[in-house]
Amino acid sequence: MVFMAALPTVSTSTAHILRRLTLAPSASTLGAFDGRSADEVVRTLLAAAPLDVAPPTIDADGDFFATTDWWLSVMRDPQGGLHERMTWFWHGHLTSGLDKASPTMMLDQLLLLRRHALGNFRTMLREITLDPAMLSWLDGSGSDAAAPNENYARELMELFALGHDSGAYTEADVINGARALAGYWIDNDDQAGDGAGSVQFEPEGAIRRPVPFLGTKVRDVDDVIDAVCDHPACSRYIARTLYIDLVGSEPTGDRLEELATVFRDADLEIAPLVEAIATGPDFLDAAPRPRSALEWFLAFERLFDTELEIWTLESMGQMPLNPPNVAGWPGTERWVSSGMLMIKAQTALDMSWDTATLDPVDPIGDVLQRAALAEISPVTRAALDDIVASGTDRQERSSLLYAAVALSPEFSLA
């Protein structure tokens, strides 16, 4: 597609970086990075401290979506940057959900992911293994070594750390891993009454001696996590998964080995891997990918200066803290399907009649800046020009321009 510039003062590379490394950047965010090189933008994002947020107090009998509402309020802050973007990534990778875990459990897990979003993968994986939400989600609570529940051990290797097609593990590894992880249960009889639960260890339910696992011997959680993280497949799998998420395509074999080496040499520190991905020419030259429902939702709110009901995300199929299954949300073309377009169109129709009026001299430039679009195609430009030339009054013209931009192909891409 041939593009023409809409905001000539903002480089397309800066806009691309911010759309991939943050959750729907605002016009002011783009403006703050004006004139900086691509490397400067990436390193500034990496160096930024996470938002200092106060988690809510959740009552077990309160709003079921209280944690979701709170996290959306955090993600709405344009200063969330790369840290919040990576928290969202890990939530979709190390999944748990409200259908089996309480809102308070999910809040605690979310805070865990926020602590380690750009930290150490091994540490995060060890902590989430004994996280109440995860123990509930994958049925680890109450697992006994004599007849262990294999769900977490399987997903730990298949989806979380090694990959289904890696050939790194066997069914015997799944069974023995489950045995080594057994002995934990959640005590829900807490005094606070908030549904958080506390994790307890029952030695009688655990193994007594080490068992074979991934070519070594393990007997507890620490042993299992170390064996998984030390396996050569781990650095490759996480590097590939994060690359696909940030770049939008499969890495070449050489590029994957390069990134896996960076990750492994950094002792599984996440920030160096993100930096290696985001400063590569393949990242800057990557073709646009569909914005996920959440990304579009947040971008729409920024454009219209409003807050949508969370049920919009439900209808789009991406409610935070409620993934469809343990594999999270598929990153596919479904985000730009005809059905998704109908939902977006209804949202734009519902919201476009109470928009701010635009600059009468350059309404198109104004709305594109509000949408944080650094470039649009000639086809989109022509459609916007037709609206301006339609002879409608200023308010109606503004409403139509907002809606048209929200439904444009460029607005649905990152």
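A helix is here a DSSP run of H or I spanning at least four residues, with numbering from the N terminus, and it is in these terms that the pockets of this predicted model are described.

In the largest pocket, helix α12 supplies the largest share of the lining, seven residues, and α12 (232-247) is joined by α5 (81-93) and α9 (151-161) as elements that each contribute at least two lining residues. The volume of the largest pocket is about 1,100 Å³, and of the 37 residues that line the largest pocket, T241, I244, D245, W329 and G331 are the closest to its centre. By residue class, the lining of the largest pocket comprises 14 nonpolar, 13 polar and ten charged residues.

The second largest pocket holds about 320 Å³ of space, and of its 18 lining residues those closest to the centre are H16, R19, P288, E375 and A414. Helix α1 (residues 12-21) accounts for the largest share of the lining of the second largest pocket, with six residues, while the lining of this second largest pocket divides into eleven nonpolar, three polar and four charged residues.

Attention is turned next to a single position, V367, which is placed in helix α19 (residues 363-370). V367 counts as buried because its relative accessibility is 0%, the cut-off for this class being under 20%. When residues up to four places away in sequence are not counted, V367 touches L303, L358, L401, Y402 and V405. Between V367 and A356, which are eleven residues apart in sequence, the C-alpha to C-alpha distance is 9.9 Å.

Conventions
Residues are numbered from 1 along each chain as its sequence is written. This is a predicted model: local features need pLDDT of at least 70, side-chain atom pairs count only at pLDDT 80 or more; totals for chains, interfaces and linings use all residues. Side-chain values use heavy atoms; hydrogens and water are left out. Buried means under 20% relative accessible area, exposed over 50%, partly exposed in between (1.4 Å probe, protein chains only). Contact means heavy atoms within 4.5 Å. On a 1 Å grid over the protein atoms alone, a cavity is a set of points where a 1.4 Å probe fits but cannot get out, and a pocket is an open set with protein on both sides within 12 Å along at least five of seven lines; lining residues have an atom within 4 Å of a point. Grid points are joined across faces, edges and corners, and a volume is the space filled by probe spheres set on the points. Ala, Val, Leu, Ile, Met, Phe, Trp, Tyr, Cys and Pro count as nonpolar, Asp, Glu, Lys and Arg as charged, and the others, Gly among them, as polar.
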